[in-house]
Amino acid sequence: MIQLAEPVPSTTETWLDGLADGLTEHGWMTLDATPVLGRPLIQQLRDEVRILDRTDALRRAGVGRGADLTRDRSVRRDKIAWLQGHTGPQQALFGVLDALRAGLNQRLFLGLKRFETHYATYHAGDFYKRHLDSFRGRASRVVSLVLYLNDDWQPLDGGELQVFNRDSEHEVCGLVPPEAGRMVLFMSEEIPHEVLPAHRTRYSLACWFRQDEVPLPL
Ligand code: OGA
Ligand code: MN
């Protein structure tokens, strides 16, 4: 049994039960994370990514890693910055993400050892074509999480996350607007997904829970 460093409140336990059930039954799940994270933390994270964006501190995202890394603008157009966990809001977030990691391990026996997380900005016109986050057998990225940070997101703003069915991969089974506090979790190797073109700046935070222990060079 994995012990959490600190006991988590029972609301978080119920929240984790719902998450684990959704991941088991459908391979993905969306929910409002505001009750667990709190609105102030979501706003602080949004302010951080906005400052990174305005100060040109974000990098064009690639597909693949290391020598396989390509920056193909026909596949994805977002810009990212990896979180190091050095600021107050990032430390608070990392505490929740680690409780989530341990909670998923307790419920689903996934053996998740660590997580990595980056901010992402999609400017108007940016998208990320249909893809999987991980390929089977690499024991790397197992569960993906995305947290959205946009206040007042309207249907005309686009930028939804389109989620495909894991068993019939051309069937859309979810369309998630990137509104502040909304969180999506899915099995990285199973669920194809796509970010539809955004029509205004779209801020988010993506996180991957991994089964391997040693961080790879980013
Ligand atoms: C990703 C991704 C989804 C989103 O970064 O791999 O699929 O909604 N992001 O931002
Ligand atoms: Mn993805």
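**Exercise 1. Which strands does helix 4 lie across, and at about what angle does helix 4 run to strand 4?**

Before solving this, note that the model is predicted, with local features needing pLDDT of at least 70 and side-chain atom pairs counting only at pLDDT 80 or more, while totals for chains, interfaces and linings use all residues. Residues are numbered from 1 along each chain as its sequence is written, chains are lettered from A and ligands numbered from 1 in the order in which they are written, and side-chain values use heavy atoms, with hydrogens and water left out.

Solution. Helices (H or I, at least four residues) and strands (E, at least two) are DSSP runs, numbered from the N terminus, and the protein has four helices and 11 strands. Helix 4 lies across strand 4, strand 6, strand 9 (182-187) and strand 11, and runs at about 125° to strand 4. Here contact means heavy atoms within 4.5 Å, and axes are lines fitted to C-alpha atoms, for helices over the stretch in contact, with angles from 0 to 180 degrees between N-to-C directions. Helix 3 (residues 39-54), in turn, lies across strand 3, strand 4, strand 6 (141-148) and strand 11 (202-210), at about 60° to strand 4.

**Exercise 2. Work out whether the span of helix 4 agrees with its number of residues.**

Solution. The expected span is 1.5 Å times one less than the number of residues. For the 21 residues of helix 4 (residues 88-108) this gives 30 Å, and because the end C-alpha atoms are 30 Å apart, the two agree. Just after helix 4, F109 takes a positive phi of about 55°. Buried residues (under 20% relative accessible area, with exposed over 50% and partly exposed in between, using a 1.4 Å probe and protein chains only) in helix 4 include P89, L93, L97 and L104.

**Exercise 3. Describe the two sheets and find their edge strands.**

Solution. Two strands pair if DSSP finds at least two bridges between them. Seven strands form an open, antiparallel sheet in the order 1-9-6-11-4-3-2. Strand 1 (28-32) and strand 2 (59-60) each have a single partner strand, so one side of each is left without a neighbour in the sheet. Within this sheet, strand 3 (residues 79-82) and strand 4 (residues 114-122) run antiparallel and are joined by four bridges, and A81 has Y119 in strand 4 as its bridge partner.

Four further strands form an open sheet in the order 5-10-7-8, also with antiparallel pairing. Its edge strands are strand 5 and strand 8 (172-176), each pairing on one side only, and the twist averages 10° from one strand to the next. Strand 7 (residues 161-164) pairs with strand 8 over four bridges, where Q162 has L175 as its bridge partner.

**Exercise 4. Identify the protein donors of the manganese ion (ligand 2) and place the two histidines in the fold.**

Solution. Donors are N, O and S atoms within 2.8 Å of the metal (3.2 Å for Na, K and Ca), and sites may look incomplete because water is not among the atoms. The protein donors are H131 (NE2), D133 (OD) and H193 (NE2), lying 2.1 to 2.2 Å from the manganese ion, with the spacing H-x1-D-x59-H along the chain. H131 lies in strand 5 (residues 128-131) and H193 in strand 10 (residues 193-195), so the pair ties together parts 62 residues apart in sequence. H131 is buried at a relative accessible area of 13%, and H193 is buried at 5%.
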